[in-house]
Amino acid sequence: MHLERPWRDGGAIALALIAALAAVQALGILFQPLLLFLGAVVIATAVSSLASAMERWIPRTPAVLLIYLAVLIAFGLFLWAVVPPLVDQSQMLVEEAPQLFEDIERWLEERDIRAFDRIEEQAQTAVERGAGYVFTAAPTVFGTVIDVFIVLAMSAYLAISAPAIMQFTLSLVPAHRREYARSVLNETAQTMGGYVRGSVMDGVIVAVITYVGLQFIGLDFALVLALLAFLGELIPILGPLLAGAPAVAIALTEGPATALVVLAFYFGIQQFESYVLLPYIMRSQASIPPLLTLFALIAGAAIAGFIGAILAIPLLGGLYILFLRVGAPAIRAWTGAEAAPWQ
C-alpha cells in the first residue's frame with residue numbers, strides 16, 4: 001500500500017512533465033501561425049469599430065469589404081506615386097553609399113576622431129554583399145507577401161464576425177454581468193484598435209512633415225528618409241531616433257552646418273510629435289501607459305523581433321484594460337477592499 005503511492009505520484013509527475021514538454025513543442029511548431037493570428041486580431045480590432053460606425057448606412061459585411069477596398073486603393077495609389085522615385089532614390093543611395101561613408105570618414109579624420117577608421121571599407125563590403133542578398137532574400141519576400149495576405153484575410157473574417165463572436169462570448173457570462181462584460185470587451189477592442197489607427201495616423205503625418213522639411217532644407221533622398229520616418233513611428237521611443245540617424249549622416253557629408261540644421265529639424269519633429277501630435281491622436285484613440293509601452297516593446301522584440309515589437313503594444317494594452325476592469329476589481333473583492341462592479 002505504501003509502495004503504490006510513490007509509484008502513483010511519480011507517474012503523475014512524469015505525465016505532467018511529458019504534457020509540459022509536449023505543450024512547449026506544440027507552441028514552437030504553432031508559433032508562426034499564432035503570430036499571424038494575433039496580427040489578424042489586432043488589425044480586426046482597428047477595422048471593426050469603423051465597420052460598426054458604417055453599419056448605420058450599409059450592412060456590416062459590405063462595410064468591412066469597403067474599408068479593405070479603400071485601403072488597397074489608397075495603398076495602390078501610394079505605390080503608383082511613390083515607388084518610381086523611391087526606387088530611383090534608393091538605387092542612388094546604394095550607389096553613393098561608399099562615397100557618403102568616405103565623406104563622413106574624412107570629416108571625422110579632420111577632427112581627429114579615429115573611432116570609425118574602417119567605415120568606408122565596411123560600407124563597401126556591405127554594399128557588395130547586398131547584391132547577393134537580393135537573390136537569397138527572394139523566397140523570404142515571397143513568403144512574407146503570402147503571410148500578409150493570410151493576415152488580411154483572417155482579419156477581414158474576424159472583423160465581419162465580430163458581432164457574432166461578441167454574442168457568443170457574452171453567452172458564457174451570467175445574465176446580470178453581461179452589460180459589464182460588453183463594456184469591458186468594447187473598451188479592450190477600442191484600446192487595441194485605437195493604438196493601430198493612432199500609430200498609422202501619427203506615422204503618415206510625421207512622414208509628410210519630414211518629406212516637406214527635408215525638401216525645403218535641400219537634403220537628398222527626402223522620400224526614402226520620409227518612408228523611414230513613417231516606419232520609425234510604428235516603433236515607439238526608439239523608432240524615431242533610428243529613423244533620424246541616416247538623415248543626419250547624409251547631411252554630415254554636406255557639412256556640419258547642414259547636419260546641425262537636419263538634427264535640429266528632427267529634434268523639432270520629435271518634440272512636436274511627443275508633446276502635441278501623439279497625445280492628441282492617442283487621447284482620442286487609445287490610452288496605454290508609457291512604461292507599459294516600453295515593456296511591451298522590449299518583450300515583443302525579444303520574443304518575435306520587429307513584428308513582435310509592433311504587435312506586443314496593442315495586445316498588452318488590451319490585457320491592461322482587462323486587468324483594470326476585471327482583474328483589479330476581482331482582487332479587491334477577494335481581499336475585501338471593495339465589491340466588484342459586477343456584483
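**Notebook: aromatic pair, helices, salt bridges, two glycines**

I looked for aromatic pairs first, and the count comes to one. The pair is Phe265 with Tyr266: the ring centres are 5.9 Å apart and the planes stand at 85 degrees, so I logged the pair as edge-to-face. The cut-off I needed for that label is an angle over 60 degrees. I then checked burial for the two residues: Phe265 is buried, and Tyr266 is buried too. I note here that the model is a predicted one.

**Whole chain**

I went through the secondary structure next. The protein chain has eight helices and zero strands. Read from the N terminus, the order of elements is α-α-α-α-α-α-α-α.

I looked up burial for the chain: of its 343 residues, 31% are buried. The accessible surface is about 21,100 Å², and carbon and sulfur atoms account for 74% of that surface. For contacts with a separation of 6 or more, I found that 64% are between residues 24 or more positions apart.

**Salt bridges**

Side chains of opposite charge can pair when their charged atoms come close. I searched for such pairs, and the count of salt bridges is three.

Entry one is Glu55 with Arg60, at 3.1 Å from N to O. Are the two partners buried or exposed? Glu55 has a relative accessible area of 38%, so I put Glu55 down as partly exposed. Arg60 has a relative accessible area of 8%, so Arg60 goes down as buried.

Entry two is Glu179 with Arg182, where the closest N and O atoms are 3.9 Å apart. The cut-off for a salt bridge is 4 Å, so I kept the pair on the list. Both residues belong to helix H4 (residues 178-217) and sit three residues apart, about one turn of the helix. An α-helix has 3.6 residues a turn, so residues three or four places apart point the same way. Glu179 is exposed at a relative accessible area of 58%, and Arg182 is partly exposed at 27%.

Entry three is Arg325 with Glu187, with the closest N and O atoms 2.3 Å apart. Which parts of the chain does this pair link? Arg325 is in helix H8 and Glu187 is in helix H4, so the bridge joins distant parts of the chain, 138 residues apart. I looked up Glu187 as well: its relative accessible area is 31%, which makes Glu187 partly exposed.

**Gly318**

I stayed with helix H8 (residues 290-335), which also holds Gly318. Gly318 is buried, at a relative accessible area of 2%. What does Gly318 touch, leaving out residues up to four places away in sequence? I found Thr188, Thr191 and Met192. I also took the C-alpha distance from Gly318 to Gly193: it is 9.3 Å, for two residues 125 apart along the chain.

**Helix H5 and Gly232**

I checked the length of helix H5 (residues 222-233) against expectation. The helix has 12 residues and should span 16 Å at 1.5 Å a residue; the end C-alpha atoms are 17 Å apart, so the two values agree. The expected span counts one less than the number of residues.

I then listed the buried residues of H5: Ala222, Leu223, Val224, Leu225, Ala226, Ala229, Gly232 and Glu233. I followed up one of them, Gly232. Its relative accessibility is 6%, so Gly232 counts as buried. Setting aside neighbours within four places in sequence, I found Gly232 in contact with Gly239, Pro240 and Ala243. The C-alpha atoms of Gly232 and Ala207 are 9.5 Å apart, with their positions 25 residues apart along the chain.

**Nonpolar surface patch**

Last, I looked for nonpolar side chains at the surface. Which residues form the nonpolar patch? They are Leu66, Leu69, Ile73, Leu77 and Trp80, and together they have about 570 Å² of accessible area. I checked Ile73 from this patch on its own: Ile73 is in helix H2 (residues 60-110). At 47% relative accessibility, Ile73 is partly exposed.

How values were computed
Residues are numbered from 1 along each chain as its sequence is written. This is a predicted model: local features need pLDDT of at least 70, side-chain atom pairs count only at pLDDT 80 or more; totals for chains, interfaces and linings use all residues. Side-chain values use heavy atoms; hydrogens and water are left out. Rings of Phe, Tyr and Trp (its six-membered ring) pair if their centres lie within 6.5 Å; planes under 30 degrees apart count as stacked, over 60 as edge-to-face and the rest as tilted. Buried means under 20% relative accessible area, exposed over 50%, partly exposed in between (1.4 Å probe, protein chains only). Helices (H or I, at least four residues) and strands (E, at least two) are DSSP runs, numbered from the N terminus. Patches are made of residues with over 30% relative accessible area and no salt bridge: like charges are joined within 9 Å, nonpolar side chains (Val, Leu, Ile, Met, Phe, Trp, Tyr) within 5 Å. Accessible areas come from the Shrake-Rupley method with a 1.4 Å probe; for residues, only the protein chains shown count as cover. Contact means heavy atoms within 4.5 Å.
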